Amino acid sequence: MKDWIGLLARLVTGGVWLVAGALKLPDPASSVRAVRAYDLLPEAIVPTVGHLLPVVEVVIGLCLVVGLLVRPMSVLSALLFVAFIVGIASAWARGLQIDCGCFGGGGYDADATSKYPWEIARDVGLLALSLWLVVRPRSRWALDSLLFGPREDIATDPRPTDADSTDPDSNDADTGPVLTHAERNHDGPEHS
Amino acid sequence: MARNTPEKREQRRQRAAEALKERQAAERRRKMLTIGGVVAALVAIVAIIFGITQAMDTTGETPDNVPSVAEDPAADAEGDAVPGKLDGYGILVGDPEAARTVTIYEDLQCPACANLEAELGDEISEAIDAGEIQVDYRLLSFLDRASTNDYSSRALNALLVVLDTAGIDAFRAFHDDLYANQPAEGGPGFDDDELIERAVEAGAEESEIRADIEDKVYEQWIKNATDQMSKDGVNSTPTIRIDGEDADPQQLAELLQQ
């Protein structure tokens, strides 16, 4: 069940990133102006941030949708949402009337003040979904499962292996304290 | 059985433990290699697309063509034509000795700008003609996405071509006409032929403007002008400044009443 929630969180968050980034990619100059409109970053890095942000958004979105490196991508996603929430709240607090530029555009918006609460609420919701994935990155239909196996950490995974059965002594009837195969498989061979 | 001494059992256990450790180490190596490979691939993808977006954004590059203000034929004949000149990205219209300077940032696709022009355009023109104000038009283009055919930047290019070939009077007439008949957002704006037709009505010569309008010769200049607006801290159109101070349409209306 939780794996399905994870899938839903991935698709919603990843889908939003994908759309938000893809809408901004065709017009980098506009993305730069949207970043500048917040008046928070030094002019020296504004163009770089404006060019880089849509690319990062698209990559995070793609990775979340296909389930690649879900935990680190969710950490990035959560950090970006925190940054956006701070940015929008700061614009609101300073009385700036700007479109958040979340899905392209940016710059002045006469209705900005009435939109800020809704934009912040949306980002808080997406932040919550990202945090869910940070805590519990495993989910259905994730590429991670194919690449790294179904378990998170292989080192703590006592899976049965062939090595035990090739051991010529392992079939001895008088095993004494040595565990049977069935028990080994269950508790791990290092059990004594 | 003699074989199954405690020593043997201990050996066996050690062997099994070592084999497991090796398997785990191999598994960890494989996992780290996979993560490393995926991260490297992602970094490469980000770097490539980032490079492309940086190349796409030509903002700040030196334009091949910079508009100028054509000599007004009326100025020679009668000497009382309204003066106009280009100062950076500002198109200055009116007497430089006028008491007040009104700066207006406008996009030709912006409905709020059309409203401002509809409400105050005539009074602005009268005040210019009377020598009471000089207007510093900052025309820029950030609303190309509001039409299906990049109307905002094409219309501004056409307006600059008219300024460059036919002078300030034709510029003013064409500017007022484009606002009075502004195409709605969301659909196609005027195509090049319609822009040319309207420019000719405003006083331009078709033979002088057609190529420059179709080739969008001032595209880079327009991009730079738009970026400069953003650097000036202007995030909206119309933005009005009276003698450099931010003002709203109400304050401009009061100034024009005086």
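The following questions and answers concern aromatic pairs in a predicted model.

Q: How many aromatic pairs does the structure hold over all chains?
A: There are seven aromatic pairs over all chains.

Q: Why is the aromatic pair of A:Trp4 and A:Trp141 called edge-to-face?
A: The planes of A:Trp4 and A:Trp141 stand at 90 degrees, with 5.2 Å centre to centre. Planes over 60 degrees apart count as edge-to-face, and centres must lie within 6.5 Å, so the pair qualifies.

Q: What makes this a link between distant parts of the chain?
A: A:Trp4 belongs to helix α1 (residues 2–24) of chain A, whereas A:Trp141 sits in the loop between α5 (112–135) and α6 (143–148) of chain A, 137 residues apart.

Q: Why is A:Trp141 called exposed?
A: A:Trp141 has a relative accessible area of 65%. Exposed means over 50%, so the term applies.

Q: Why is A:Trp4 called partly exposed?
A: The relative accessible area of A:Trp4 is 38%. This value falls between the limits of 20% and 50%, and therefore A:Trp4 is partly exposed.

Q: Why is the aromatic pair of A:Trp17 and A:Phe81 called stacked?
A: The angle between the planes of A:Trp17 and A:Phe81 is 25 degrees, at 4.5 Å centre to centre. Planes under 30 degrees apart count as stacked, so the name fits. The pair ties together helix α1 and helix α4 (residues 70–93) of chain A, in parts that are 64 residues apart in sequence.

Q: How do you know that A:Trp17 is buried?
A: Its relative accessible area is 2%. Buried means under 20%, so A:Trp17 meets the definition. A:Phe81 likewise counts as buried, at 2% relative accessibility.

Methods:
Residues are numbered from 1 along each chain as its sequence is written. Chains are lettered from A and ligands numbered from 1 in the order in which they are written. This is a predicted model: local features need pLDDT of at least 70, side-chain atom pairs count only at pLDDT 80 or more; totals for chains, interfaces and linings use all residues. Side-chain values use heavy atoms; hydrogens and water are left out. Rings of Phe, Tyr and Trp (its six-membered ring) pair if their centres lie within 6.5 Å; planes under 30 degrees apart count as stacked, over 60 as edge-to-face and the rest as tilted. Helices (H or I, at least four residues) and strands (E, at least two) are DSSP runs, numbered from the N terminus. Buried means under 20% relative accessible area, exposed over 50%, partly exposed in between (1.4 Å probe, protein chains only).
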